[in-house]
Amino acid sequence: MRRLHDEVILLLAALVLFLSLLLRLHLGNPLVPFLESYMWGGSYELLLNSVAAELLILLSIAAGLATVLLLLPLLGPWTIIFVANPLFASIFSSPNPVALLAPLIVAIFLASRSDRIVLYTLLLAPVYLLAPVTVPFAALVPLVTPATARMRRVARLCTAGLVGLIILVPLHDFAYNPLPFVEFGNLLAPSLLFTILALLEAGLLVVERQKRGIILLFVGLLALGLLSTEALLLAGLTSALLVTSFLQRLWNRSWVLPGARYYTLLVFGCLLLFLVLNHIMGVGMAEPTRSIAVTVASISEGTIMVPPAYAAYIAGQTPLDTWSAPEDLWDQLRFDAVAPELERAGVTYILFTEVYIESSLHFLVEHSDRFQPVIIGDVEIWRFTGADRR
Amino acid sequence: MGRSHALLILLIVLTLALRLLIAFSQDSPSYDTYSTLFQAEHIRETGLPSFEEPTTGRVRLFSPLYAYLFAGLSVIIPPLLLAKLLPNLLAVSLIPISFAIAQQLTRTRWIALVTGFFAAFVPMLFQSHLNAAPQLSVVLPVSALLLLSLFTIETKPFAAFVITAFLVLLSPLAWLFVAAYGIYILILFTERMRFEDAYVDIALFSFGLAFWYSLLIFKRALIVHGFSALTGNLPAVIHEASFTEFSFLSMIYAVGLVPIALACLAIYHNTFETRSRKVFLITALVLVVLLSTTIRLIPLRTGLLFLSLAFILLSAPGLLQLSRWIRRTRFSWMHHWIAGGLLLLFILTSLLPALAGGIRPLNGPDEHELAAYAWLRDQPTGVVLARPESGAVIRHLASQPVLAEPSYLLIRDAEQFLADIDHVYTGIVVPDVVATIIEHNISYIMLGPLENAVYDDLGVLVRDECFPILFSQGTVIIYGNTCRTREVRR
C-alpha cells in the first residue's frame, strides 16, 4: 500500500511538471518558461560550454523528482502537499539553481538525521557544482540559520542577520520585489496561503516544542526574498514542508463539530487544486511567448535594443547583436537624450514588448520621423534611421 | 408570550412602519440600488449575472450570491418594491437578533429589550439602507446571525457552518470574521484561557473557504493590481472621499454616546473581571474593524456600520454591570431613575439625530434624470459618460453602456481614467476634449445633478458647437459630439 502511494505521488509530480511544459508547446511558446531561466542558463553556459536552456530543463525536472523521492520516506502520502505547492511547478519546470540545490538541501537535511551524510553529499556533488557560484551561498542561509538557534537570543539574531547580509549582499544583483506572492501574479514566489499556514505552523512548533530555529529560518528567508529570488524560492520550498506538517496536524486533531474535519479538509483540498492548476496555466503562458519569438526571428541583421529582462533570452534566439538598454532610457521622452545613446550602441532596431509599448520611449518613437515601424502588434520592432537624417 | 416579547414585537412593528414610511416617501431608490436591480434583471433574463460589459469591455468583479437572492425574490415581488422592502426588513431583523444575542450574553430580558431598542435607533444603522438595497444591507444581519450561531455552537453546530459559508459567499467582508477569530484566539492565549475547539474548527473552515472564494472571484484583480486590489484600486480622490479619516468623534456621532460608553464599560469589566469568552469574541471583532478602518482597508461607512452593531451588542453586558454596580451602592433606590436617565440620554444623542437624518431627502435620481434615461433608452446604442455613481442607473434604466461605474477593479490606470472623465467636463481645449471623447468611444455626455455637484467650472463642453445639446430637461442636459480631432485642428 505504501509503495502504491509513492508511485502515485511520483506520477502526480511528473504530471505537474510536464503539464506546464506541454501547455507551452500547445500554445507555441518557447519550451523554457521565465526570462530568468535564460539568465541562469547563461551562467551555466560558462561551466557547461554552451549547453542550451532546453537541455537544462531536464536537469530541473530530474531534480524535482529526486526531491520528491527523497521526501517520500519522510512525509509518506503527505508528500502530495509538497507537490501541490504552486511553486513546485515554477521551480522544477524551469532551469534555475534552486531546482538543482533543492534535492541537495533535502538530502543534507535527511542525512543529518542519519550517518549517511557523506554518501548523500557525494551523490549530489555534481548537481552542487553545476549551480552558479552565488547560489550555494544562498543555500547556506537555511542551513546556518537553524544552527544559530542554539545560541543566546541576541547573539542568535545578530548572527542570523549578519550571515544573511555578509553572504548575500556582495554576491547578488538585488532587485526589490514588492509582490512576493503567487496570488499577486509573481510566478516565482511562494503562495500567500502557504506562507500564512507555514507561519501558523512555525508559531505552533515554537509554542509546543520550543523549536525556534524553524521560524527564524522561514522568516529570514522571506525577508531576504524581498531582495533575492533564490531566497524567495527557498522560502517557498520551506513553506511547503511547514504546510505539510500543518495539514497533517489538521488531519490528526480531534474535531469537535461533526463533519468539520471533512468540510475543512475538502475546502483546503479544493484550494490547493485550484492553486496548482492556476499555476500550471500561469507557467504555460509565462514569458517568453510565441509572439516575441516570431517577431525577433523576422529580423536577420543589425543591432537590436531590448528591455533588460529580455536580453538573455533574445541573445540566444537571434544572430542579431543585442543591446540591453538601461531602464532609464525607456523612460526618456526627449530625442536629444535618446539618439546619442542609440548611435553609441550602434542600434538599428528597438524591440518593444507588451509592457514596454506603454513606455515613454514608445511614445517618442511613434511621434518622431527618425523611427520607422517594422512590425506592429503585441510585440513591436521599430527601425532607428539615425540621428542626423531629417 | 411574555411582556418583553410583546414589547419586542411592538418595537419591530413600529420601527418597520417608520422605516417604510420614510422609504416610500421617496420616488426612486438610491443610485447604488440600481446596480442590484440591473444584475437581478440580467439574472432573470439570462440566468447569469453581468460580469462584463460587451461594448466597453469593462469587467465587473463581485460576489454574485446577493444578486441571485434578489433576482429570486424579484420573481415574486416587483423589483422596485422589493428594493424598498427587503433592506428595511433586513435592518429591522437586527432587533430580534440583537435581543437574542443580548439574552445569550446577560440572561436578562429587560437588558435584551433595551439592546433591541438600541439596534433599532442607533443613527448609523437607522439611516443606512432606508432607501437603498446594496449587498451590505444583507451582510450586517447575516454577521449578527453568525455571532448568535457562534454563541450557540455547542448545541447547533450546523447552523454556524451554514451561516459562515453563506457570509463568505455573500461578501469579502467575511474576512473581518476570519481575522476576528485569529485575534480572539490570540486574546485567549494571552489571557491563558482554554481554547474552545469548536471555534478553532469554524476559524479553520472559514479561513479556507474565504481564501478559496476570494481567489476565485478576485484572482484577476489581485494579479493586475497587487495589494491595491484589496482597496478596490480606487483613484486617490475617490479613496480619500470614501476612506475618510477615522476619528473618535465620527464614531460617537455615528454610533451614539450611550452604546459606546456602555460597550467600553463592558470591555473594561470583561478584561479585568468577568473574562467571558463571548464578550472577548465581540471585542476581537471590534478590534479588527477598528484596525481595518484605521488603515483604510474598508470604507469608513462600512466600518462604522460594523462598529455600531458590535457596540450595541457589547452595551448589553455593560448595562448589566452598571445595573449590578448601582444596586450595590446606596443609590440602589434610584435604579429606575438612572435607567430612565440613560434612556433619555440615548433618545437625545441617538434617536433624535437618527430620525432627523432619516427624514432628510434620500439620494436617488430625480424626475428629470428619469426622463433623460427614458430618452436615452430610445437612442442608438452608444457609450454614455456620466459620474461613476450613476453608472448602474443608466445601465439599468437607459439600457446603454456606460464608461464609468463605481468599481475600478481591472482598470490599469484608474487615476488617468478618472482624469479623462474630469477632462471631458472641464477641459478648455476643444481638440483635446474631442480626442478624449474619441479615445473612449463616448456617444452621449450627461450633465445632471451629480455632475453639477462635482464640477464647478465646466469647460468647452457647454459652449462649443462640437458638442450639440441632444436632450435638455430641468437639471439634466445630454450632449453629443460631432467633431473629429483633425477637423477641429483645421
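This report walks through the two sheets, the chain contact and a few local details of a predicted model.

## The sheet of chain A

A good place to start is chain A, where five strands make an open sheet. Reading across it, the order is β2-β1-β3-β5-β4, and the pairing is mixed. The edges are taken by β2 (321-324) and β4 (371-375) of chain A; each has a single partner strand, so one side of each is left without a neighbour in the sheet. From one strand to the next, the twist averages 30 degrees.

Strand β5 of chain A, residues 380-384, is worth a closer look. Strand β3 (residues 349-352) of chain A runs antiparallel to β5(A), and four bridges join the two. Within that pairing, A:Ile350 has A:Trp382 as its bridge partner. β5(A) also pairs with β4(A), again in the antiparallel sense and over four bridges. Here the bridge partner of A:Pro373 is A:Trp382. A hairpin of four residues leads from β4(A) to β5(A).

What lies across these strands? It is helix α17 (residues 335-345) of chain A, which lies across β1 (303-306), β2, β3, β4 and β5 of chain A. Its direction is at about 85 degrees to β5(A).

## The sheet of chain B

Chain B has an open sheet of four strands, in the order β1-β2-β4-β3 and with mixed pairing. Its edge strands are β1 (383-385) and β3 of chain B, each of which pairs on one side only. The twist in this sheet averages 20 degrees from one strand to the next.

Strand β4 (residues 476-479) of chain B pairs in the antiparallel sense with strand β2 (residues 442-447) of chain B over three bridges. Strand β3 (residues 469-473) of chain B runs antiparallel to β4(B) as well, joined by four bridges. The hairpin of β3(B) and β4(B) has two residues between the strands, and B:Gly474 in this hairpin takes a positive phi near 55 degrees.

To help you find your way on the screen, here are some residues that face one another across strands of chain B.

| Residue | Partner in β4(B) |
|---|---|
| B:Met446 | B:Ile478 |
| B:Gln473 | B:Val476 |
| B:Ile469 | B:Tyr479 |

## Where the chains meet

Now for the contact between the two chains. On the side of chain B, 24 residues are in contact with 29 residues of chain A. The size of an interface is often given as the accessible area lost when the parts come together. For chain B and chain A, the buried area is about 2400 Å², and carbon and sulfur atoms give 82% of this area.

How many salt bridges cross the interface of chain B and chain A? There are two. In one salt bridge between these chains, the side chains of B:Asp197 and A:Arg253 meet at 3.9 Å, N to O. The count of residue pairs in polar contact between chain B and chain A is four, with both residues at pLDDT 80 or more.

Which elements of chain B give two or more residues to the side that touches chain A? They are α8 (157-170) and α10 (197-225) of chain B. The largest share comes from α10(B), with 17 residues. By type, the residues on this side of chain B divide into 19 nonpolar, two polar and three charged.

## Salt bridges and local details

Over all chains, a search of the whole structure finds 12 salt bridges. One pair is A:Arg249 and A:Glu201, whose side chains meet in a salt bridge at 2.9 Å, N to O. This pair links distant parts of the chain, 48 residues apart: A:Arg249 is in helix α12 (residues 229-252) of chain A, and A:Glu201 is in helix α10 (residues 192-209) of chain A.

Two backbone details round off the tour. In chain A, a cis peptide bond joins A:Glu287 and A:Pro288, with omega at about 0 degrees. A:Pro288 is found in the loop between α13 (260-285) and α14 (290-297) of chain A. In chain B, B:Arg107 has a positive phi of about 55 degrees although it is not a glycine. You will find B:Arg107 in the loop between α4 (79-106) and α5 (109-121) of chain B.

Key:
Residues numbered from 1 in each chain as written. Chains lettered and ligands numbered in written order. Predicted model: local features only at pLDDT ≥ 70, side-chain atom pairs only at ≥ 80, totals over all residues. Heavy atoms only, no water. Pairing = 2+ DSSP bridges. Axes fitted to C-alpha atoms, helices over the stretch in contact; angles between N-to-C directions. Contact = heavy atoms within 4.5 Å. Buried area = accessible area lost by both parts, 1.4 Å probe. Salt bridge = Lys/Arg side-chain N within 4 Å of Asp/Glu carboxyl O. Polar contact = N/O pair within 3.5 Å; in protein donor to acceptor, adjacent residues only side chain to side chain. Nonpolar A, V, L, I, M, F, W, Y, C, P; charged D, E, K, R; others polar.
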